[in-house]
Amino acid sequence: MRSHDHNLTLRRERSSKAVTLSLDRTDLAEAAAQFQALRPRLFGIAYRVIGTVTDAEDVVQDVWLKWQGCDRSSVLNPEAFLVTTTTRSAINVLRSARVRREAYVGPWLPEPVDTDANPELEAEHNESLSFALMVLMESLSPAERGAYVLREAFGYDYATIAQILDSTEIACRKLVSRAKEHLTQGRRRTVAVPHHRRLLRAFVKAARSGDVRDLERLLAADVVSYSDGGEAVHAARIPVIGRDRVVKFVAAFSRWFWAGASVKELTVNGEPAIAVVVAGEPVTLLTVCASHDGLARLFWLLNPEKLERIRVAT
């Protein structure tokens, strides 16, 4: 009799453990599904706030680990939890990254993202992903940048933004207002994508030939050229400002820079871009801000570390 009772107890314990294990697996599968559904948005927030793909991916991975380890039964709104955790983590990463960027050699440009390979990034407001705006957002404080991204790129209301940033609605409105004011000062009214692409192609043609007249015709009077080579590649250490100086700058390296190079058209940060390829390897990514006055900004990205994902695209 005792043996029978003991065997019955063992079977019940095993059955209970099996049920618990099954529930755990179901819960984890549901958690994974919730996270994957929101992953594009989480990456989009982190990337726009930080400006680098690698750091944004690290933030999203860290959020996944926190989501796995937290008591999900106490989370009433998974999206609110994941977006809040992502935004706060991204802002913290940006604060520490700012220190490194201050010591960066030459102009610092964002790490580009290939939107042909990541179409989900364009599902939200496209302009917030543009390279020119990403550069301008470097002038914002981390809190301003976080609030601006949540409001302008993803359309969250101020009450939600206040909860995410652990602030008040009034304070968040001020953050977004200041951010808009800073960005408006440096923004140019851009052209439609087909015209943008035509201007970029025409510029590359003129730059390869060193045709001064064509360059002058294509560039805005107040054009600025930025070159990011970091410590790895020799590049202009300061921005080149004004049509005359930029024309001389581009024409000066036309003879050797394009020698043996081919170009490949890409879509980077939702806009046309050109990869300059030598011996099968991209050595430069060129993006531009195309305005109604001509090309207002030129961004030459030469830092090999930031071209890793462009290598895959080319």
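Leucine 266 stands opposite alanine 273 in strand S4. This pair is a place to enter the model, which is predicted. The two strands concerned are S3, residues 261-268, and S4, and they pair in the antiparallel sense over eight bridges. Two residues lie between the strands of this hairpin, and asparagine 269 takes a positive phi near 55° there.

On leaving S4, the chain forms another hairpin, that of S4 and S5, also with two residues between the strands. Here alanine 279 takes a positive phi near 55°. Strand S5 covers residues 281-291 and pairs with S4 in the antiparallel sense over five bridges. In this pairing, valine 276 stands opposite threonine 284 in S5. S4 therefore has a pairing with S3 and a pairing with S5, and seven of its eight residues, 271-278, are buried, so the strand is largely enclosed by the rest of the structure.

The helices come next. Two packed helices are described by the angle between their axes and the distance between the axes. For helix H2, residues 53-69, and helix H3, residues 78-102, the angle is about 140° and the axes are 9 Å apart. That angle makes H2 oblique to H3, since roughly antiparallel would need an angle over 145 degrees. The crossing of H2 past H3 is right-handed.

From H2, the residues in this contact are Asp55, Val59, Asp62, Val63, Lys66 and Trp67. They meet Pro78, Phe81, Leu82, Thr85, Thr86, Ser89, Ala90, Val93 and Arg100 in H3. Sorted by class, the contact of H2 with H3 holds eight nonpolar, three polar and four charged residues.

A single residue can be followed in helix H5, residues 142-153, where arginine 145 is found. Is arginine 145 buried or exposed? Its relative accessibility is 0%, so arginine 145 counts as buried, the limit being under 20%. With neighbours within four places in sequence left aside, arginine 145 is in contact with Arg48, Val49, Ile50 and Gly51, and also with Leu94 and Arg98. Its other contacts are Met134, Met137, Glu138 and Leu140.

The chain as a whole can now be described. Its secondary structure comes to 12 helices and six strands. Of the 314 residues in the chain, 46% are buried. Among contacts between residues at least 6 apart in sequence, 68% join residues at least 24 apart.

Note on methods. Residues are numbered from 1 along each chain as its sequence is written. This is a predicted model: local features need pLDDT of at least 70, side-chain atom pairs count only at pLDDT 80 or more; totals for chains, interfaces and linings use all residues. Side-chain values use heavy atoms; hydrogens and water are left out. Buried means under 20% relative accessible area, exposed over 50%, partly exposed in between (1.4 Å probe, protein chains only). Helices (H or I, at least four residues) and strands (E, at least two) are DSSP runs, numbered from the N terminus. Two strands pair if DSSP finds at least two bridges between them. Axes are lines fitted to C-alpha atoms, for helices over the stretch in contact, and angles run from 0 to 180 degrees between N-to-C directions. Angles under 35 degrees count as roughly parallel, over 145 as roughly antiparallel, 65 to 115 as roughly perpendicular and the rest as oblique. A crossing is left-handed if the near helix is turned anticlockwise from the far one by less than a right angle, and right-handed if clockwise. Contact means heavy atoms within 4.5 Å. Ala, Val, Leu, Ile, Met, Phe, Trp, Tyr, Cys and Pro count as nonpolar, Asp, Glu, Lys and Arg as charged, and the others, Gly among them, as polar.
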